[in-house]
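Me: I'd like a close look at one part of this protein, the barrel and the helices packed around it. Could you walk me through it slowly, and then show me what comes after it in the chain?

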Amino acid sequence: MYHRTETRPVKVGNIQIGGNNQVVIQSMTTTKTHDVEATVAEINRLEEAGCQIVRVACPDMRAAEAIPHIKKQVNVPLVADIHFDYKLALKAIEGGIDKIRINPGNIGRREKVEAVVKACKERGIPIRIGVNAGSLEKRILEKYGYPTAEGMVESALYHIRILEELDFHDIVVSLKASDVPLAIEAYTKAAEVIPYPLHLGITESGTLFSGTVKSAAGLGAILSKGIGSTIRISLSADPVEEVKVCRELLKAFGLAANAATLISCPTCGRIEIDLIKIANEVEEYISKIQAPIKVSVLGCAVNGPGEAKEADIGIAGGRGEGLLFRHGEIIRKVPEETMVEELKKEIDKLAEEYKQK
Ligand code: SF4
């Protein structure tokens, strides 16, 4: 799939985003950042789920002061989310943060903006400009009457200009809206005029179920245009779920290397096994597999192997037994009780073969 490569590559800790790099998965902690122990535990859970960059809220000095203590105990690059207060930004930078999210136009006096930019430059820390349809500048709202894609891009360009005037170019931009068509339009327009990596998100998208559908619809449309360097799914749920949804979405577009995919049938009257339970178990199992393997789980052997020709490995249920197949060819019969275990062994074998390549 086409993927926008002409953006400026930007380093966030040990990860490079933009340019030729893959789309990077982000999430945000829900803990109080000053609670170092809880925050570290959540960051580690996110990393284990496949999150590559984690943002933490930095609403006060206690949070900013916690950053060096958190940094010492985690591996993923951290982003500090700061609104307005340049002192918090300076404290986070001093504490070793890898990126800050702050809108320079909201910082206030020129000297304050300069102080933040200078500190970021010295340490090679990028700045994310976060435009949100719900909090556009008053003059932009007055100009357009309500939040529009043009207004969002104009806001982004305003903040970008402030940084560029200070010869700062390690910039990442997001243009979030909770309205899906508006977000699609804003990102599409932004990609035409903004040469920096775009961080994707549909903000306040909802609960695990509705937010997943909404985010997949919006971000899927944006990704399909080749747009996006980093991605976050915003859910009213455990942030680990955000990471899982991100991964699945990227997989759907072939943008997640080294991730296994599940193909499972919708079931019908021909079903011979407890497919839903098995599919969930296999899905959980392959979420940890780091190889681009397609695994298929089918309810019956009538259409099974044929329906999953593209799968690298799979099972099709039969009465009391299952058929194990590889690339559409049956390799052997296995008893129902051991079917899932046999499939897992074959998945491991394939993953190992892939590693040897
Ligand atoms: Fe029905 Fe079998 Fe197809 Fe599943 S694989 S949908 S059970 S015919």
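Reply: Let's start with one helix and work outwards. Helix H9 (residues 239-252) lies across strand S3 (24-28) and strand S10 (230-231), and it runs at about 160 degrees to S3. Keep in mind that this is a predicted model. The mean pLDDT of the chain is 93, with 97% of its residues at 70 or more, and the model scores ipTM 0.99 and pTM 0.92.

Now find S3 and S10 again, because they belong to something bigger: a closed barrel of 8 strands that runs S3-S4-S5-S6-S7-S8-S9-S10, with parallel pairing. Strands of a sheet pair through backbone hydrogen bonds, either parallel or antiparallel. For a sample of the pairing, go to strand S6 (residues 99-101) and strand S7 (residues 127-132), which run parallel and are joined by 2 bridges. There, arginine 101 has arginine 128 in S7 as its bridge partner.

The record has a label for this stretch too. An unreviewed UniProt entry annotates residues 7-247 as "domain: IspG TIM-barrel". That span is 47% helix and 17% strand, and its end C-alpha atoms lie 22 Å apart.

Back to H9 for a moment, to pick out leucine 250, which sits in that helix. Is leucine 250 buried or exposed? It has 22 C-beta neighbours inside 10 Å, and the cut-off for buried is 20 or more, so leucine 250 counts as buried. Leaving out residues up to four places away in sequence, leucine 250 touches Val23, Leu255 and Ala256. Isoleucine 184 is 66 residues from leucine 250 along the chain, and their C-alpha atoms are separated by 17 Å.

Next, helix H8 (208-224). Its 17 residues should span 24 Å at 1.5 Å a residue, and the end C-alpha atoms are 22 Å apart, which agrees. The buried residues of H8 are Gly211, Thr212, Lys214, Ser215, Gly218, Leu219, Ile222 and Leu223. Try reading those numbers with a helix in mind. An α-helix has 3.6 residues a turn, so residues three or four places apart point the same way. What do the buried residues of H8 pack against? They pack against helix H7 (180-193), S9, S10 and H9, so here you meet H9 again from the other side of the story.

Both ends of H8 have a backbone detail to spot. In the loop between strand S9 (198-200) and H8 you'll find glutamate 204, which has a positive phi of about 40 degrees although it is not a glycine. With 15 C-beta neighbours inside 10 Å, glutamate 204 counts as partly exposed. Just after H8, glycine 226 takes a positive phi of about 85 degrees.

Helix H3 (86-94) can be read along similar lines. Leading into it, the loop from strand S5 (78-81) holds phenylalanine 84, whose phi is near 70 degrees, positive in a residue other than glycine. Phenylalanine 84 counts as partly exposed, with 13 C-beta neighbours inside 10 Å. Within H3, the buried residues are Tyr86, Leu88, Ala89, Lys91, Ala92 and Ile93, and what covers them includes helix H2 (61-72), S5, S6 and helix H4 (110-123). Just after H3 comes glycine 96, with a positive phi of about 95 degrees.

Now for what follows the barrel. The unreviewed UniProt entry marks Cys265, Cys268, Cys300 and Glu307 as "binding site". Compare two of these cysteines. Cysteine 268 lies in the loop between strand S11 (261-264) and helix H10 (275-286), and with 10 C-beta neighbours inside 10 Å it counts as exposed. Cysteine 300 is in the loop between strand S12 (294-298) and helix H11 (304-307), but cysteine 300 is buried, with 22 other C-beta atoms within 10 Å. Setting aside residues up to four places away in sequence, cysteine 300 touches Arg270, Ile271, Glu272, Ala316 and Gly317.

Last stop: strand S14 (residues 321-326) and S15, which pair in the antiparallel sense over 6 bridges. Leucine 324 stands opposite arginine 332 in S15. The hairpin has 2 residues between the strands, and histidine 327 in it takes a positive phi near 45 degrees. How many of the 7 residues of S15 are buried? The number is 0, so S15 (residues 329-335) lies largely in the open.

Terms used:
Residues are numbered from 1 along each chain as its sequence is written. This is a predicted model: local features need pLDDT of at least 70, side-chain atom pairs count only at pLDDT 80 or more; totals for chains, interfaces and linings use all residues. Helices (H or I, at least four residues) and strands (E, at least two) are DSSP runs, numbered from the N terminus. A residue is buried if 20 or more other C-beta atoms lie within 10 Å of its own, exposed if 12 or fewer, and partly exposed in between; C-beta atoms are placed from the backbone. Two strands pair if DSSP finds at least two bridges between them. Two residues are in contact if their C-beta atoms, placed from the backbone, lie within 7 Å. Axes are lines fitted to C-alpha atoms, for helices over the stretch in contact, and angles run from 0 to 180 degrees between N-to-C directions. UniProt positions are given in the numbering used here, feature names are shortened, and annotations may be inferred rather than shown by experiment. pLDDT is the predictor's confidence in each residue, from 0 to 100. The expected span of a helix is 1.5 Å times one less than its number of residues.
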